[in-house]
Amino acid sequence: MKALITGAANGLGRAMTDQLLEAGHEVWAVDRDTDALDDLAIKSRGSCRVVLADLANPSSIQRLLRDVKDVKFDLVVLNAGISATGRFEEIPGAAYEKLIAINLTAPLVVASQLMRQNNMAPKSQIVFISSLSHAVGYPGASVYAATKDALAIYAKSVRKPFKKRGVGVTAVFPGPIRTEHAERYSPKDAKANKRMLPEDMAKLILKAASKGKKELYAGKGAGAAKFFGKLAPNMMSKMMRKVIFDKLDSNTY
Amino acid sequence: MARRELKSRNVLITGATDGLGLELAKAYASRGHRVVATGRQLLSNDLDFFGSPNISYIRADQSEPEAAARAIAQAMEKFQWQSLDLAILNAATGWTGHAADETPEQISDQITINLTAPVLISKAIAPLLFAAKGQLVMIGSTAAKGQSQFATYAATKAGLEGFVRSLREEWRTRAHVQIIHPGPTRTKMHAKAGLKTGFVRMFFMPTKRAVRAIQRSIRNRDGKRVLSKTYGWSSIFSSAKEGEL
Ligand SMILES: NC(=O)c1ccc[n+]([C@@H]2O[C@H](COP(=O)([O-])OP(=O)(O)OC[C@H]3O[C@@H](n4cnc5c(N)ncnc54)[C@H](OP(=O)(O)O)[C@@H]3O)[C@@H](O)[C@H]2O)c1
């Protein structure tokens, strides 16, 4: 099987990449972190194809699409994402432009262009990594929440038209994961053991993708969050404000 | 006269050169409120175009969000507005067709104009909104639930909803943040987006009715409002008291 993973060098993307390589699959690992990509190339003893790309840069995305032009992928995981947490009005506009470019524009462009270029093998799967914030809201990261909601609805919107062309779409709503990303953007006193290990999350996502599941809510408390988020959305966002926004003591972007 | 002056409020409406935005600008101006209207066009004569001295036009093309946000903030400074009572972020663009046929430019234009720009404009007007404990209103769309014919457009509107949901909590004590989702409305938007609506258009909500429904929802300070047919109809009987928004 051939897979393309964005944000593959660290965290959840790295865990998925490692597991796929372990199982003997071919992986195109896309990231902007050269050191981590080197590490990946060395540790996989050259079996992983590392692709350096900055997904905030449209011409870098175009180059990535040119590089993989003749490959047929069975699995594409659009996982790369960043955040910006703090008081909405205090974070610089440029940080929001970058956040939206990486979290939203890039996955939409890559997905639609891979479809357009006929890069997807028959019965292949595209996976969008949204967030559990889709269910509960995320005061203190309103623009991050915006990109993840947008991604969820894009996945839902293209599911039928892509299916007609033989490509399945999975939307994943992960709860907190114990990665550097989570550490960086969470309140200082947040407990790490309430977060799922990236390896466990990776396993669940790859399984859902191989089964062609439409949606996956995964992580500690994800089921309950989804349930109450649908039942009482305002109450959930209010609670999120108390557990996150009111505790953030600095802006991180 | 003096009493009327006191009650007139400061209103910002983006994308006010056509459709819902234009009608909203006229409606608020006709009730004596001061309106800053924005758009991407270069207008030769504001008064001829809008027909009201209460409307000032600012060119703020949202395909350059940072510049658009700056232009809006500067205009309010120029007009010496100390506060902003109501901001309706309404400008948007769309594209329809098979999601696999959408070009990177079409995707990025819609995201930039429909989502990035409202985010940066909200940030730019925050101080004036806080000063009035004003209302920030996003115009979404019922497409925000997902639409296979215009996937990116739907995504941008869902993005606005997610933005509003979280920002409303953050700003709870400082300003009211809400989203209004119109359903299909008889503006020129569909034609601009390359969609032929044909006879189905008959079932769309008339623009005037949608505009009344939006104003009603703003008066109600709803958190989230979908402009259903029933809400549209009953809005005919709802009107603003003197000085009200
Ligand atoms: N009509 C519907 O069925 C419908 C349904 C749901 C939601 N909505 C939403 O309602 C809002 C108003 O839409 P409408 O139906 O009134 O459409 P419209 O008649 O096309 O009006 C849209 C306005 O936005 C402006 N605009 C477009 N691109 C811009 C840019 N780059 N910078 C600044 N302004 C820009 C347009 O300018 P120009 O005059 O130069 O084109 C126009 O003034 C939009 O947010 C739309 O998504 C509409």
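Q: What makes B:Thr187 a polar contact of the ligand?
A: A polar side-chain atom of B:Thr187 is 2.5 Å from a ligand oxygen atom. A polar contact is a pair of N or O atoms within 3.5 Å, so this pair qualifies. This is a predicted model: local features need pLDDT of at least 70, side-chain atom pairs count only at pLDDT 80 or more, and totals for chains, interfaces and linings use all residues. Residues are numbered from 1 along each chain as its sequence is written, chains are lettered from A and ligands numbered from 1 in the order written, and side-chain values use heavy atoms, without hydrogens and water.

Q: Which backbone atoms contact the ligand?
A: A backbone N or O atom of B:Asn90 lies 2.6 Å from a ligand oxygen atom. A polar backbone atom of B:Gln62 is 2.9 Å from a ligand nitrogen atom.

Q: How much of the ligand's accessible area does the protein cover?
A: The protein covers 97% of the 880 Å² that the ligand has on its own, by the Shrake-Rupley method with a 1.4 Å probe.

Q: Why is the crossing of α1(A) and α8(A) called right-handed?
A: Right-handed means that the near helix is turned clockwise from the far one by less than a right angle. α1(A) passes α8(A) that way. The helices pack at about 65°, with axes 8 Å apart.

Note on methods. Axes fitted to C-alpha atoms, helices over the stretch in contact; angles between N-to-C directions. Helix = DSSP H or I, 4+ residues; strand = E, 2+ residues; numbered from the N terminus. Polar contact = N/O pair within 3.5 Å; in protein donor to acceptor, adjacent residues only side chain to side chain.
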